[in-house]
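Grab a viewer and a notepad. Below are a few short exercises, each with a solution worked through step by step.

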Amino acid sequence: MEEAPHGDLLEYVQTRGAMSERRARETFRELAEAVSYCHAQDICHRDLKCENILLDAHGHVKLTDFGFARDAPSDDRGRPTLSQTYCGSAAYASPEVLRGKPYQPSSYDIWSLGVVLYIMVCGTMPFDDSNVRKMLRKQMDRKLNFSSTRVISQECKALIAQMLTPDVSHRPTIDEVLNSRWLRTTPSAPPTCSAAWRLESSSQPSTTDSPMVAR
């Protein structure tokens, strides 16, 4: 793996605080393009979190740790393959995962991206995960609060709220995220392997769910 002198995204935010919205847009777009590339290959990460997003010497994104990734192709009727494994971190987990229900892994990735973007622009977690039951209730009640001390555009707030909707049927796809009004503010090249982001993986995506694992 190439070096990432700026460390991971969590270290960046802890050290420097929340990103400016312009910087967050650039970084998040690269992350979304990396996830889009994975989803286009029917691969879902299932452990998207700030610790797994590295920043290289130029501040570009490297998406790492594919240990929980799995192949998730659609069936013959075009229906998404469901997962049943609880994996990833509770703070980034979607309501359906926390409730132990079969879930669409691509939609799980979108929820986690919403948590990541919130952290980038607010500098804090959107939900307190010290009590998972209370956190789940707040998620289901759509109790999402933004800092009153930071200026965050309505377009950014709207995108975060869309990604963090508990209703999976209303949660956007990764293509819809990339085509959101907030990300379309600045033109972006289509995602390709030669884009600024990189995928770093030490393991192959699983084709089946592993035993129940939480971390």
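**Exercise 1. Is Trp-111 buried or exposed, and what does its ring pair with?**

Keep in mind that this is a predicted model.

Step 1. Start with the accessibility. Trp-111 has a relative accessibility of 0%, so it counts as buried.

Step 2. Now look for ring partners. The whole structure gives four aromatic pairs. One of them is edge-to-face: Tyr-103 with Tyr-108, at 5.5 Å centre to centre and 90° between the planes. Tyr-103 and Tyr-108 are both buried. Trp-111 pairs with Phe-127, with the centres 6.2 Å apart and the planes at 15°, which makes the pair stacked.

Step 3. Place the two rings on the chain. Trp-111 sits in helix H4, while Phe-127 belongs to the loop between H4 and helix H5 (132-140), so the pair ties together parts 16 residues apart in sequence.

Step 4. Check the partner too. Phe-127 has a relative accessible area of 6%, so it is buried.

**Exercise 2. Work out how many disulfides the chain has, and why Cys-44 has no bond to Cys-38.**

Step 1. Recall the chemistry: a disulfide is a covalent bond joining the sulfur atoms of two cysteines.

Step 2. Set the cut-off. Two cysteine sulfur atoms have to lie within 2.5 Å to count.

Step 3. Test Cys-44. Its closest cysteine sulfur is in Cys-38, 8.6 Å away, and that is too far for a bond.

Step 4. Give the total. The count of disulfides is zero.

Step 5. Add the surroundings. Cys-44 is buried at 4% relative accessibility, and Cys-87 is buried at 0%.

**Exercise 3. Describe the surroundings of Cys-122 and Ile-160, and find a residue that each one touches.**

Step 1. Locate Cys-122. Helix H4 holds this residue, and with a relative accessible area of 9% it is buried.

Step 2. List the contacts of Cys-122. Beyond its neighbours within four places in sequence, Cys-122 meets Ala-18, Phe-146, Arg-150 and Ile-152. For a long hop along the chain, take Met-19: it is 103 residues from Cys-122, yet the C-alpha atoms are separated by 7.8 Å.

Step 3. Do the same for Ile-160. Ile-160 is in helix H6 (residues 154-163) and is buried at 0% relative accessible area.

Step 4. List the contacts of Ile-160. Not counting residues up to four places away in sequence, they are Gly-114, Leu-117, Tyr-118, Val-121, Leu-144 and Phe-146. Pro-126 is 34 residues away in sequence, with a C-alpha to C-alpha distance of 10.0 Å.

Step 5. Compare the two lists. Phe-146 touches Cys-122 and also Ile-160.

**Exercise 4. Which residues line the largest pocket, and which helix gives the most to it?**

Step 1. Get the volume: the largest pocket comes out at about 180 Å³.

Step 2. Read off the lining. It consists of His-39, Gln-104, Ser-106, Ser-107, Ile-110, Val-168, Arg-171, Pro-172, Thr-173, Ile-174 and Asp-175.

Step 3. Map the lining onto helices. Helix H4 (105-122) and helix H7 (174-178) each contribute at least two residues. H4 gives the most, with three.

Step 4. Sort by character. The lining splits into four nonpolar, five polar and two charged residues.

**Exercise 5. Asp-65 and Arg-142 have a positive phi; where do they lie, and how accessible are they?**

Step 1. Know what to expect: most residues other than glycine have a negative phi.

Step 2. Take Asp-65. Its phi is positive, about 60°, although it is not a glycine. Asp-65 lies in the loop between strand S3 (61-63) and strand S4 (70-71), and at 28% relative accessibility it counts as partly exposed.

Step 3. Take Arg-142. Phi is near 60° here as well. Arg-142 is in the loop between H5 and H6, and its 52% relative accessibility counts as exposed.

**Exercise 6. How many helices and strands does the chain have, and in what order do they come?**

Step 1. Count the elements: there are seven helices and five strands.

Step 2. Write out the order. Starting at the N terminus, they run α-α-β-β-β-β-α-α-α-α-α-β.

Step 3. Zoom out. Of the chain's 215 residues, 48% count as buried. Among contacts between residues at least 6 apart in sequence, 71% join residues at least 24 apart.

Methods:
Residues numbered from 1 in each chain as written. Predicted model: local features only at pLDDT ≥ 70, side-chain atom pairs only at ≥ 80, totals over all residues. Heavy atoms only, no water. Helix = DSSP H or I, 4+ residues; strand = E, 2+ residues; numbered from the N terminus. Buried < 20%, exposed > 50% of the residue type's maximum accessible area, 1.4 Å probe, protein only. Contact = heavy atoms within 4.5 Å. 1 Å grid on protein atoms, 1.4 Å probe; cavity = no way out; pocket = protein on both sides within 12 Å on 5 of 7 lines; lining within 4 Å. Points joined across faces, edges and corners; volume = space filled by probe spheres on them. Nonpolar A, V, L, I, M, F, W, Y, C, P; charged D, E, K, R; others polar. Phe/Tyr/Trp six-rings, centres within 6.5 Å; stacked < 30°, edge-to-face > 60°.
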